[in-house]
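Please open the structure in a viewer and keep the sequence panel visible beside it. This tour proposes a series of selections and describes what is found at each stop.

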Amino acid sequence: MHAMEASTAGAPDPAFIPPPGTVFAEVAVHTTQPARKPFTYAVPEGMAVAPGMAVFVPFGPRIVQGVVLRLAERSEVEAVRPISAVMDPEPLLDAARAELALWMADEYLAPLWECVACLLPAGFGQKPVTMVSPVEVPPLLPVYPRDRAILAYLAEHGRVTLDELRAAVGQVSMTTLKRLQEAGHLTVTQGLARPAGRPKFERRVALAVMPEEARAAGEAMLEERPRSVEGRLLVRLGERGDIPLGEARELGAGPGHLERLTERGLVRVYARRVERDPAAAVRGGHRELPELSAEQRAAAEAAWRERVTLIHGVTGAGKTEVYLELAGRALRAGLGVMVLVPEISLTPQAIRRFGERFGDELAVFHSRLSTGELYDQWFRVHRGDARLVLGSRSAVFAPVQRPGLIVLDEEHEWSYKQADPVPRYHAREVALKLGELTGARVVLGSATPDVVTYHRAETGQIARVELRERVIPLAGGGTARGELPDVEVVDMREELRAGNRSMFSRALRREVRRALAAGEQVILFVNRRGSARFVLCRDCGYLPLCPSCEVAMSLDQEHSIHVSLRCHHCGRTRRLEERCPRCDGLRYRPFGVGTQRVEAEARVVFAGARVARWDSDTARGRDAHERMVAELEAGRVDIVVGTQLLAKGLDLPNLTVVGVVDADVGLSLPDFRAAERTFQLLSQVAGRAGRRDRPGWVGIQTYEPEAPSIVAAAAHDYRDFYKQEIAHRRRAGYPPFSRLVRLVYRHPNLEAGLEEAGRVANELRVLRDAEGRAEPDILGPTRPFIPRVRGEHRWQILLRGRRPASLVGRVRLGERWQVDVDPASLL
């Protein structure tokens, strides 16, 4: 890593009492100190500073990066320090985004800089670094071996960061460096790390004369020396005028050749900025929308009138067409648009749909893009060159100018909630706040809305429109009414009684074979990656657990030569024993099914079918999702076996059969959202079937056919599920009737972890009782469902009440604590 010295290198200015008339700036400071509030600095006279600007400010003995969030005429602090310098006169944040960052820090109890960083260009942050440099002629060498190792490394590598030096020679204290500096052996300075995100430039070679003159000069050189590199280069440039430096090198041109041609005034070498554009392949379409149905038109009109709207539509109801219509209206009105999808796997189809419709207006944001691509996309949107942003949850922070519409498709998805790192925000709540700050309309779409969102609609907090009919687009531009797929719940207990011990029921095998014979496609859905849920000894009950995480390890037949067990939390693997390690029994076998095992079984049972697997193990490559979608759309896959990636928004015209291999996974998890997640997952994956003119069939295989979430999903009845679930939430006091804050403490020592967790829980109870408050409830500390991760024991405290975060914010927590406001999971 290289470093950049701040332009204000030297001793930072001391604090002073500013004279009357001084303007003050509230600055989010890039420091390791997890501050949730901005720091106040004085704006020096004559320095032009505005909210949103990036600045250099003194912080302790260092000069660090910061972003101005507000200006004020008064300061609550008497003695302040001045801003050192302005990084760029162009503000990076507008007033609404600055307020959004402050709101996020308060709402999610997160460090303010981390909230600001979400809104900045990728790789913009520059961490303070300590630089260590050798002197040219060191005095007498020191006697300590560690000192000699430090100087030897510096003599070989020159100026390095302290982190790099420590990685090379071991622990190096600042005391040691100070002693060596005082002895004249080295120098220590403070600087800022080079930003990871920056423009990309391509070196090129261009003609400096007319093409005819270049060709003539080149042909003359070749006539004199047929293998002349300079001659070949001039002839090529005479034809093209301007080529990349790499192409010139392919012709044999080296620095000497280019220097001679430059001195003769024939060519010039220059650098041109290259725009990294992940959506370039879909630009230029401007395809018109199909004619909307009457129900779709009514939904678009209603959503355009309201500030926040829930579009509750059955799967296949054409919600995307409504989004496209609303986006077109916003763009025609000169407003910006943000469209969020919950999974990267959905972006290939969404990029194509929006790219074909809006062409160059589109920019893309998601985590599979490189830092450089995200950097270029950010500035393209910030300049106003692209007014429509599409991406996953982080796209809510894109710098769209004059935002007029924010869409969250599949708003119920848990992947909109950030788990790690901080800030642990929910993109839906951030979008609602951004809409409030900017006046943008917010549209939330889902066939299975989050219970909290639907309750907001039921109580009049937001508007709601219904799309009750499936829509089939016709070739001529119109639409026809579609039918929801038939759903058959298969009781696997009856299958066992009938002697069928296969993972596929008789009904599922029948329908898959029918679909294959008709040239149609099939999804086999498994809510578990790997080969099996776990391995179990039928004799003594031994279950292999990960020693670091204490959760069951899954069978993995893909990532090693031998059959192995893998922990999907920390990645630890071990070879699978032939006999039970506890009792030496032979009945030590896999139990349950995973994607690998279902894929293998499908290849045997449906011989001749083209089977592919799509889960997080197979989708690790940069373009893995795009390749799989392309294969499915081209009809080169007959059966796709997959996990939750298949349940979210996939639209395949030829897909008619969906088999849920094991619907019971997740039903009994100790999480109050377990029933909701099961209902949503089953409803969404069932909705992939029969989305065009061919009828669909869905088979749900279960050992609990009477479970309310399974019954409601099979009946396509969200209202019935909601009525049961909201009654349960009301009785138990769970959201939407309360809010939750989850505190998790990690420590390698079990007793030390319990002691610290108990201390914090007691402090919270004392604070609550001292104020005479009846709530929040403070539950714990307890061991969570996953008690250990990567060798560290976990203790959990759960707060439940109307505003539990206000209490947590008053307790000082160490770095081993994780604070999650409105957690997506309690496991």
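**First stop: a pocket**

The model on the screen is predicted. Begin with its second largest pocket, which has a volume of about 1,400 Å³. Select Thr-32, Gln-33, Pro-34, Ala-35 and Pro-111: of the 46 residues in the lining, these are the closest to the centre of the pocket. In general terms, empty space of this kind is revealed by rolling a probe the size of a water molecule over the atoms.

Which elements give two or more residues to this lining? They are the strands β2 (24-29), β5 (62-72), β8 (128-134) and β38 (817-821), together with the helices α2 (112-118) and α4 (162-169). If the lining is coloured by residue class, 25 residues appear as nonpolar, 9 as polar and 12 as charged.

**Second stop: a sheet of six strands**

Two of the elements just selected, β2 and β5, also belong to an open sheet of 6 strands. Read across the sheet, the order is β6-β3-β2-β5-β4-β7, and the pairing is mixed. As a general rule, strands of a sheet pair through backbone hydrogen bonds, either parallel or antiparallel.

Which strands stand at the edges? Select 81-82 for β6 and 85-86 for β7: each has a single partner strand, so one side of each is left without a neighbour in the sheet. Next, add β3, residues 39-42, which pairs with β6 in the parallel sense over 2 bridges. Zoom in on Ala-42 to see that this residue stands opposite Pro-82 in β6.

**Third stop: a sheet of three strands**

Move on to an open sheet of 3 strands, ordered β12-β11-β13, in which the pairing is antiparallel. The edge strands are β12 (242-244) and β13 (267-274), and each of them pairs on one side only. From one strand to the next, the twist averages 35°.

Select β11, residues 200-207: this strand and β12 pair in the antiparallel sense over 3 bridges. Within this pair, Val-205 stands opposite Ile-243 of β12. Now add helix α7, residues 229-240, which packs on the sheet and touches β11, β12 and β13. The direction of α7 makes about 115° with that of β12.

**Fourth stop: two helices in contact**

Select residues 674-686 for helix α20 and residues 718-732 for helix α22. The axes of these helices come within 11 Å and cross at roughly 170°. Since angles over 145 degrees count as roughly antiparallel, α20 is therefore roughly antiparallel to α22.

Which residues make the contact? Show the side chains of Ala-675, Glu-676 and Phe-679 on α20, and those of Tyr-718, Phe-721, Glu-725 and Arg-729 on α22. By class, this contact has 4 nonpolar and 3 charged residues, with no polar ones.

**Last stop: features of the backbone in loops**

Follow the chain beyond α22 to Pro-736, in the loop that lies between α22 and β34 (739-747). The peptide bond leading from Pro-735 to Pro-736 is cis, with omega near 15°.

Another cis peptide bond joins Asp-420 and Pro-421, where omega is about -5°. To find Pro-421, look in the loop between β18 (403-409) and α14 (427-438).

Finally, select Arg-402, in the loop between β17 (388-391) and β18. Although Arg-402 is not a glycine, this residue has a positive phi of about 45°.

Technical notes:
Residues are numbered from 1 along each chain as its sequence is written. This is a predicted model: local features need pLDDT of at least 70, side-chain atom pairs count only at pLDDT 80 or more; totals for chains, interfaces and linings use all residues. Side-chain values use heavy atoms; hydrogens and water are left out. Axes are lines fitted to C-alpha atoms, for helices over the stretch in contact, and angles run from 0 to 180 degrees between N-to-C directions. Helices (H or I, at least four residues) and strands (E, at least two) are DSSP runs, numbered from the N terminus. Angles under 35 degrees count as roughly parallel, over 145 as roughly antiparallel, 65 to 115 as roughly perpendicular and the rest as oblique. Contact means heavy atoms within 4.5 Å. Ala, Val, Leu, Ile, Met, Phe, Trp, Tyr, Cys and Pro count as nonpolar, Asp, Glu, Lys and Arg as charged, and the others, Gly among them, as polar. Two strands pair if DSSP finds at least two bridges between them. On a 1 Å grid over the protein atoms alone, a cavity is a set of points where a 1.4 Å probe fits but cannot get out, and a pocket is an open set with protein on both sides within 12 Å along at least five of seven lines; lining residues have an atom within 4 Å of a point. Grid points are joined across faces, edges and corners, and a volume is the space filled by probe spheres set on the points.
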